[in-house]
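Hello,

Here is the structure I promised to pass on to you. Please have a look at it first, and then read my notes below.

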Amino acid sequence: MKIPTIQTHRLFLRPWTPEDAPVLFQILQEPEIFQYFPPSPPPTLEKTGRYITHQLAHWQDRGYGHWAVISQDDNRVVGWAGLEYLPELDQTEVAYLLSRKVWGRGYATEAARAAVGFGFETCRLPGIIGLVHPENAASIRVLEKCGLVFTDRLTLWGLEMLRYSARRQE
Ligand SMILES: CC(C)(COP(=O)(O)OP(=O)(O)OC[C@H]1O[C@@H](n2cnc3c(N)ncnc32)[C@H](O)[C@@H]1OP(=O)(O)O)[C@@H](O)C(=O)NCCC(=O)NCCS
């Protein structure tokens with residue numbers, strides 16, 4: 001499939017390319033960017049490249065995946081957002097991670113809303129979940145602003161998480 005590009009008010013969500021790896025790698029080295037993720041060393045450039053390859057394959061398998069988030073201001077990659085199928089749960093998760101340089105502008109909400117809309121309207125997914133560390137207040141707020149509601153707590157990848165979810169409205 002041809003991966004679509006979505007334009008929101010201030011962002012583009014466009015397909016990843018292998019050439020994006022160095023700039024994404026820089027973002028992933030920012031302090032505390034993975035504060036609420038399962039503990040692991042900061043990803044290498046090689047691992048960042050594997051993330052991109054994985055996402056491109058995921059799009060082909062499922063018809064959705066993560067996009068590169070681009071700020072229209074300066075046409076730079078500022079992070080990732082999109083949808084990922086989780087075989088552990090047999091559910092699709094909305095995910096987002098942005099450079100600290102652009103936090104607090106509403107970009108995550110803008111990108112996540114577009115991803116959720118794509119999942120329901122284009123992919124016709126029956127439901128979308130969000131998994132979030134209980135202390136990740138900004139991410140919880142993003143999920144709520146996308147219309148997801150708290151469902152339960154679960155332990156996944158060794159981490160206690162809150163699960164939020166939304167069903168497609170007919
Ligand atoms: C979570 C993250 C994507 C939020 O990005 P962002 O672009 O700053 O989010 P937004 O600007 O859209 O803000 C979302 C809401 O969270 C609120 N918020 C932001 N930081 C907050 C904080 N530290 N505590 C409480 N609320 C906060 C904002 O005020 C906003 O709510 P409002 O519109 O009601 O005022 C960003 O912090 C990030 O990339 N973190 C690292 C990766 C990560 O944790 N991803 C999520 C994994 S589940």
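From the N terminus on, the order of elements is β-β-α-α-β-β-β-α-β-α-β-β, which comes to four helices and eight strands. Please keep in mind that this is a predicted model.

On overall shape, the radius of gyration is 15 Å, close to the 15 Å that the globule rule gives for 170 residues, so the protein is as compact as a globular protein of that length. The C-alpha trace spans about 35 × 35 × 30 Å along its principal axes. Of the 170 residues, 30% are buried. If you take the contacts between residues at least 6 apart in sequence, 57% of them join residues at least 24 apart.

Now to the inside of the protein. Its largest nonpolar core holds 41 residues, and Val69, Ala81, Tyr96, Ala111, Ala112 and Ala115 have the most contacts inside it. Helix H3 supplies the largest share of this core, with eight residues.

Tyr96 may be a handy place to start browsing. Leaving aside neighbours within four places in sequence, Tyr96 is in contact with Gly79, Trp80, Ala81, Ala108, Ala111, Ala112 and Val142.

H3 deserves a paragraph of its own. This helix covers residues 107-122 and has 16 residues, reaching 22 Å from its first C-alpha to its last, close to the 22 Å expected at 1.5 Å a residue. Its buried residues are Tyr107, Ala108, Glu110, Ala111, Ala112, Ala114, Ala115, Val116, Phe118 and Gly119. After H3 comes Arg124, with a positive phi near 60°.

You will probably want to know about the ligand too. Which residues are the closest to it? They are Ala108, Thr109, Ala137, Ala138 and Arg141, out of 19 that surround the ligand. Two or more residues of this shell come from each of strand S5 (91-98), helix H3 (107-122) and helix H4 (137-145). H4 gives the most, with five residues. By type, the shell divides into 12 nonpolar, five polar and two charged residues.

One link between these topics: Ala108 is among the residues closest to the ligand, is buried in H3 and is in contact with Tyr96. H3 thus turns up in both settings, giving residues to the ligand shell and eight residues to the largest nonpolar core.

Happy to talk any of this over whenever it suits you.

Best wishes

Conventions
Residues numbered from 1 in each chain as written. Predicted model: local features only at pLDDT ≥ 70, side-chain atom pairs only at ≥ 80, totals over all residues. Near = placed C-beta within 6 Å. Nonpolar A, V, L, I, M, F, W, Y, C, P; charged D, E, K, R; others polar. Core = buried A, V, L, I, M, F, W, Y, C linked by C-beta atoms within 7 Å. Buried ≥ 20, exposed ≤ 12 C-beta atoms within 10 Å, placed from the backbone. Contact = placed C-beta atoms within 7 Å. Rg over C-alpha atoms; globule rule 2.2 N^0.38 Å. Expected span 1.5 Å × (residues − 1).
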